Amino acid sequence: MQTYPAPAKLNLFLHVTGQREDGYHLLQTVFRFLDFSDRLSFVLREDAVVKLHTPIADVPEEKNLCIRAARLLQQKSNTPMGVEISLEKHIPMGGGLGGGSSDAATTLLVLNRLWHLNYSKKELIELGLQLGADVPVFIFGENAFAEGIGEQLTSIDLPPAWYLVLIPSVHVSTAEIFSSRELTRNTIPITIPPFSIWQGRNDLESVVCRMYPVVARYLAWLKQQKDASLVAMSGSGGCVFAEFANEQTARNAFQQLPDGMRGFVAAGLAYHPLRNFLEE
Ligand SMILES: C[C@@](CO)(OP(=O)(O)O)[C@H](O)COP(=O)(O)OP(=O)(O)OC[C@H]1O[C@@H](n2ccc(N)nc2=O)[C@H](O)[C@@H]1O
Ligand SMILES: Nc1ncnc2c1ncn2[C@@H]1O[C@H](COP(=O)(O)OP(=O)(O)O)[C@@H](O)[C@H]1O
């Protein structure tokens with residue numbers, strides 16, 4: 001059966017520049033896709049039933065973002081069709097790697113075709129935003145500089161790079177970090193172009209490190225790796241990453257990991273694997 005990728009993302013930097021009246025925070029961030037993906041497959045049904053074959057521990061089926069995405073698309077289009085979804089989960093959950101959002105985006109892209117709906121990328125992005133601030137970039141399909149709450153996207157060329165991503169054993173709630181009193185919300189907005197991704201930082205990092213000291217320890221270990229250029233936390237954490245110029249230096253660092261630290265090495269992608277899916 002055909003399976004479709006839902007890649008992870010990193011936030012190479014993340015600045016919090018303000019807050020909207022509805023409480024959502026204004027951000028400036030750079031999203032980079034990783035060659036590290038969940039995989040989804042879809043079997044059509046003629047009877048409007050939407051269900052998941054592969055339950056995830058601690059996530060009820062109706063809260064699973066691929067089921068929510070399928071139901072939202074069904075509602076919008078009034079299609080009489082249904083679907084059975086199988087989700088092969090690889091991306092750590094609640095780690096700031098955007099796995100749930102990516103699963104939702106792939107579901108919207110693929111069902112748009114299988115249900116013959118023909119929505120445009122713009123329409124799917126608007127729909128995706130109702131599911132989460134991170135969903136639009138995965139439909140957009142290009143590495144991007146993002147503003148607003150993550151929905152104002154400008155594609156960006158990033159040089160080839162490899163990443164060592166570490167996964168501390170914590171589950172960080174995005175809402176909890178954004179609601180922290182200690183979060184600074186007034187980073188001066190940068191303008192494009194030009195800006196350097198290496199001049200940025202993650203404004204959520206210090207809040208997460210204080211609440212979860214293990215994240216600070218993992219960052220400190222990455223900062224000791226001599227070939228690492230950029231070291232930061234992704235999104236609202238707790239995953240942290242180091243950027244390397246090539247695969248070998250990333251794998252060398254991975255081999256030095258102390259006992260008990262978990263992680264993986266992945267290439268940075270030039271674009272999302274389903275970037276041209278709507279035109280194919
Ligand atoms: C922080 C980022 C950076 O890419 O990623 P993750 O760490 O989640 O991967 C995203 O902005 C997260 O996007 P996403 O995970 O889709 O968040 P959502 O479900 O929309 O929001 C969860 C909660 O976080 C808060 N929130 C989220 C985004 C934002 N710009 N401002 C906020 O204040 C809100 O309280 C919201 O209810
Ligand atoms: N398909 C899914 N994959 C992962 N998490 C999901 C999914 N559907 C719903 N969730 C919920 O969304 C939360 C955040 O997931 P995820 O997108 O992996 O992390 P993050 O927002 O930190 O990048 C999870 O803790 C889980 O409760």
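Strand β7 (residues 162-166) and strand β9 (residues 240-244) pair in the antiparallel sense, and five bridges connect them. This pairing is a convenient place to enter the structure, which is a predicted model. At one point along the pair, Trp 162 of β7 stands opposite Phe 244 in β9. Strand β7 also has a second partner: five bridges join β7 to strand β10 (residues 263-267), and these two strands run antiparallel as well. Here Leu 166 has Gly 263 in β10 as its bridge partner.

How much of β7 is buried? Strand β7 is mostly covered, since five of its five residues are buried. The side chains leave the strand in two directions: Trp 162, Leu 164 and Leu 166 point one way, while Tyr 163 and Val 165 point the other way. The residues on both sides of β7 are buried.

From this strand we may step back to the whole protein. The chain is divided into domain 1, residues 4-155, and domain 2, residues 162-267. The centres of the two domains, taken over C-alpha atoms, are separated by 23 Å. Across the boundary, 24 residues of domain 1 are in contact with 31 residues of domain 2. On the side of domain 1 that touches domain 2, the elements giving two or more residues are β1 and β2. The largest share of that side comes from β1, with 10 residues. Sorted by class, the side of domain 1 that touches domain 2 has 11 nonpolar residues, 12 polar residues and one charged residue.

The model also contains ligands, and the first to consider is ligand 1. Of the 20 residues around ligand 1, those that come nearest are His 25, Gly 132, Asp 134, Gly 235 and Ser 236. Three elements give two or more residues to this shell: β1 (4-19), β2 (25-45) and α5 (174-178). By class, the shell around ligand 1 has seven nonpolar residues, 12 polar residues and one charged residue. Where does ligand 1 lie with respect to domain 1 and domain 2? Both domains give residues to the shell around ligand 1, so ligand 1 lies between them.

Ligand 2 may be described in the same manner. There are 18 residues around ligand 2, and Leu 65, Gly 94, Gly 99, Gly 100 and Asp 103 come nearest. The elements that give two or more residues to this shell are α1 and α2. Helix α2 provides the largest share of the shell around ligand 2, namely four residues. The residues of this shell divide into five nonpolar, 11 polar and two charged. Domain 1 and domain 2 both give residues to the shell around ligand 2, and therefore ligand 2 lies between them.

We turn next to a helix of domain 1. In helix α3 (residues 121-129), the residues Leu 124, Ile 125, Leu 127 and Gly 128 are buried. Why do these residues fall on the same side of α3? They cover an arc of only 165 degrees around the axis, and this puts them on the same side of the helix. The buried residues of α3 pack against three other helices, α1 (65-77), α2 (99-114) and α4 (135-140).

Some details of the backbone complete the tour. A cis peptide bond joins Gly 237 and Gly 238, with omega at about -5 degrees. Gly 238 is found in the loop between β8 (231-233) and β9, and β9 is the strand that pairs with β7.

Two residues show a positive phi although they are not glycine. One of them is Asp 58, whose phi is near 75 degrees. Asp 58 has its place in the loop between β3 (50-52) and α1. Is Asp 58 buried or exposed? A residue counts as exposed if 12 or fewer other C-beta atoms lie within 10 Å of its own. Asp 58 has 9 C-beta neighbours inside 10 Å and therefore counts as exposed.

The other is Asn 118, with phi near 60 degrees, again a positive value in a residue other than glycine. The place of Asn 118 is in the loop between α2 and α3. Because Asn 118 has 10 C-beta neighbours inside 10 Å, Asn 118 also counts as exposed.

Definitions and conventions: Residues numbered from 1 in each chain as written. Chains lettered and ligands numbered in written order. Predicted model: local features only at pLDDT ≥ 70, side-chain atom pairs only at ≥ 80, totals over all residues. Near = placed C-beta within 6 Å. Nonpolar A, V, L, I, M, F, W, Y, C, P; charged D, E, K, R; others polar. Domains from an automatic or database assignment. Contact = placed C-beta atoms within 7 Å. Buried ≥ 20, exposed ≤ 12 C-beta atoms within 10 Å, placed from the backbone. Pairing = 2+ DSSP bridges. Arc of directions from axis to C-beta.
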